[in-house]
Each structure stands twice: as structure tokens, then as C-alpha cells.
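Ready for some practice in reading a protein structure? Work through the exercises below with the model open beside you, and try each task before you read its solution.

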Amino acid sequence: MSFIRKPTVANSRLPKNALGLTRRDYEGGMSTLCAGCGHDSITAALVQAAWELELVPHQVAKLSGIGCSSKTPAYFMSQAHGVNSVHGRMPSVATGAGAANRDLVCLGVSGDGDSLSIGFGQLAHAMRRNLNMAYVIENNGVYGLTKGQFSASADVGSRAKRGETNVQPPIDPVVTAIALGCTFVARSFSGDKQQLVPLLKAAIRHRGFALLDVLSPCVTFNDHEDSTKSYAYTRRYYHPAIHADFVPPAQDIKTAYDHGEAMPVELHDGSRIVLRKVDEGFDPSDRARTIGFLQDAAKRGEVVTGLMYIQPGQDDLHDVNHTVPGPLHSQPYAGLHPGADGLKDLQRRYR
């Protein structure tokens, strides 16, 4: 983690959100990652998304595991709650935080090593429970913190900086998440902030578990010509399946246009966005077709990005378990403590 303070430069002309906060108020400590690391671009996108969503810092819980990616929470929203947990165990900590305070915005940042190896079981069960959180995987295909070994997301045939060739098939977190029933699945690229920011905003506002896999090249160990997770490879085979923007819930805005055409749409606040359809027939609500679409694209070596799958309206962890409304700290003490007689009754059931 970084404890280096950024120099404070006062600028009264910086725009403020409805809370009176500027983007600078959503920043954190100075990054100690390698210069050019994709993770820092993701941090910048997180800062912008949090500012635009007008998140109240003390109502946000930032969580991570172990690895280069898991240092990210130190670099944004310094006034929010932060937990750097044990390797791969971040979903358990997020489950506890979310269960105790359902009003918290749980934002997890992990890596391909932290999520798809030691933490794979935890990640799968967080999706199965539809835990209400946004989970960002900063995916670079290597263990950068331990000098560049292949991770579980490394593609077959890709080569390490030291010359080894990966022969093990990769785990695709997007296909895995859709197959496991995750209710929001998207992929983006750290070098495409225009796409990444609205996807982050939509993931944070999604009710349930939102997985966002972000390709984030490791400039030190995996950004060479034999890597399929490099900047050059990703830009060459970059394939946005759908262009979209985030629109806060309000009355429906309907429009119709053909594939390949762009359509400007006026939003409720008077601003305008431009939508463009890319792939004919792509439907992010069709699970089976989305998996087939991703597998076909993978055979062609394409890096597909955008909102891959969404299933709104699914019960989250609190709905399934019928938890009390509001955070536990706001509940009357008598409702949280069974009392001596209640405890005896409870113990009697286990004898």
C-alpha cells in the first residue's frame, strides 16, 4: 500500500458534483505501481465513476485480496472504508460487510491470480449468492508481484517474458460468470476509459453481483510481442460487442436504428449520448447465445468487450435471507440480542 501523499494543489475552478466534491476528493494515495501499469488507468476510471455517481465516501467499502491489483483501493476514495484481506478471501469479507450494512456500496478490486486461483471458490459462491457488490478483476495474465509466472487467465500458446510457453487452457472469468448465473457480466480494457467508466457506473448501481473483467496489461512482465494480454495485442484484436452508456433509472427512453448506425439520444437531464450498434443480433440478456458468441470470438482470437450479460430483478443476498431493512447498527438492541431466555431456547435446539 502507498502512504505517499499527493501534493495538494488548490483549484477553485474544478467542477463539483451535487455533494460539493471535486474529482480530487475521490482520489487516494500516490501509486507505487510500475509506470504505465494498466491498473492505474482503472483507478482513474474508478475516480471518475465515483465522482459522477456522487458516491458518499463513508458509505463505500473498498475491498481487495493480495497482489498488484489489490493495492488499487489505496489509490482512490481515501475517505472510504478500506480492507486489504487475505489472498483470495475478499468475497467473504465483502459478504460480512454487506450483511452488516446493506446500505454500503461494496466495491471489490482483485486480480486474475487472486480471483481465478486461490480465490476461485470464494468468487463462485459470491456470484451464486448474488451478493450485492461490484467486483473488478484487473486481468493481466501473470503474477506480476512475484515476477511474471503464468496466471489461470493466460491463453494457450502465449509466452512468458523469459520464454516459456503456456500449455494450460485458461479460465475465462466472463464465460465462467455467465455460466454460474452471475446477474451482471462485462469486460473492458484499461486503455478504453470511454467504455470503462459507464460500465463501472452500471456495475456499481446494479442490484446484485456485478463482475467486470478489465484487461490490464502488465508493462513489466507481460507486454511483449508473444503475449496475448499486451497493449499491442489487445488494441489489434479489440472487438467491442456493444456500445452503451449508463443512464440512471427514470422513464424509458426509446429509440430505433439499424446496425452499424449511430443514434444521438437526449437524456432526462438534457445531455446527449450517442449509441452505436456493432454486432447484429447480440443480446446481453440471452445467456446461452452470449456464451456461444464469446467462444466463437475466442477461436478467432478476438478480445470482446462491453456489457456481456445482465439479468435485472434477481433477488440478492438480503432478499433470499429475508434480512431486516437497513444496516444492523440502526436496529434496536432488543432485536439484535436474543436475551438470556432466548439464548437458552436456542441452545436447547442443539442438544
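The expected span of a helix is 1.5 Å times one less than its number of residues. Keep that rule at hand for the first exercise, and remember throughout that this is a predicted model.

**Exercise 1. Check the length of a helix**

Task: Find helix α1 (residues 38-52) and work out whether its end-to-end distance agrees or disagrees with the expected span.

Solution:
- Step 1. Helix α1 has 15 residues, so at 1.5 Å a residue the expected span is 21 Å.
- Step 2. In the model, the C-alpha atoms at the two ends of α1 are 21 Å apart, which agrees with the expectation.
- Step 3. Look just beyond the helix: glutamate 54, just after α1, takes a positive phi of about 60°.

**Exercise 2. Inside or outside?**

Task: Decide how far α1 is enclosed by the rest of the structure, and name what its buried residues pack against.

Solution:
- Step 1. A residue counts as buried when its relative accessible area is under 20%.
- Step 2. By that cut-off, 11 of the 15 residues of α1 are buried, so the helix is largely enclosed by the rest of the structure.
- Step 3. Among these buried residues are His39, Ile42, Leu46, Val47 and Trp51.
- Step 4. Their packing partners are strands β3 (105-111), β4 (133-139) and β8 (209-215), together with helices α6 (193-205) and α7 (231-236).
- Step 5. For the wider picture, buried residues make up 46% of the 351 residues in the protein chain.

**Exercise 3. Trace the sheet**

Task: Put the 8 strands of the open sheet in order, and explain why β2 and β9 each have one side without a neighbour.

Solution:
- Step 1. A useful reminder: strands of a sheet pair through backbone hydrogen bonds, either parallel or antiparallel.
- Step 2. Here the order is β2-β1-β3-β4-β8-β7-β12-β9, and the pairing is mixed.
- Step 3. Strands β2 (81-84) and β9 (238-240) stand at the edges with a single partner strand each, so one side of each has no neighbour in the sheet.
- Step 4. From one strand to the next, the twist averages 20°.
- Step 5. For a detail of the pairing, go to β7 (residues 184-189) and β12 (residues 303-310), which run antiparallel and are joined by 4 bridges. Valine 185 has tyrosine 309 in β12 as its bridge partner.
- Step 6. Now add the helices. Helix α2 (residues 90-100) packs on the sheet, where it touches β1 (60-64), β2, β3 and β4, and its direction makes about 175° with that of β3. Helix α6 also packs on the sheet, touching strands that include β7 and β12, and its direction makes about 160° with that of β7.

**Exercise 4. Look for disulfides**

Task: Search the whole structure for disulfides, then find how far cysteine 68 is from the nearest cysteine sulfur.

Solution:
- Step 1. The search finds 0 disulfides.
- Step 2. For cysteine 68, the nearest cysteine sulfur belongs to cysteine 218 and is 6.5 Å away. A disulfide needs the two sulfur atoms within 2.5 Å.
- Step 3. Cysteine 68 is partly exposed, with a relative accessible area of 22%, whereas cysteine 182 is buried at 0%.

**Exercise 5. Follow the charges**

Task: Which aspartates meet arginine 207 in salt bridges, and which parts of the chain do these pairs link?

Solution:
- Step 1. Side chains of opposite charge can pair when their charged atoms come close. The structure holds 10 salt bridges.
- Step 2. One of them joins aspartate 316 and arginine 207, at 4.0 Å from N to O. Aspartate 316 lies in the loop between β12 and α9 (317-321) and arginine 207 in the loop between α6 and β8, so the pair ties together parts 109 residues apart in sequence.
- Step 3. Aspartate 316 is buried at 3% relative accessibility, while arginine 207 is partly exposed at 44%.
- Step 4. Arginine 207 also meets aspartate 319 in a salt bridge, at 2.4 Å from N to O. Aspartate 319 is in helix α9, and this pair is 112 residues apart.
- Step 5. For a pair within one helix, see arginine 348 and aspartate 345, whose salt bridge is 2.6 Å from N to O. Both lie in helix α11 (residues 339-348), 3 residues apart, about one turn of the helix.

How values were computed:
Residues are numbered from 1 along each chain as its sequence is written. This is a predicted model: local features need pLDDT of at least 70, side-chain atom pairs count only at pLDDT 80 or more; totals for chains, interfaces and linings use all residues. Side-chain values use heavy atoms; hydrogens and water are left out. Buried means under 20% relative accessible area, exposed over 50%, partly exposed in between (1.4 Å probe, protein chains only). Contact means heavy atoms within 4.5 Å. Two strands pair if DSSP finds at least two bridges between them. Axes are lines fitted to C-alpha atoms, for helices over the stretch in contact, and angles run from 0 to 180 degrees between N-to-C directions. A salt bridge is a side-chain nitrogen of Lys or Arg within 4 Å of a carboxyl oxygen of Asp or Glu.
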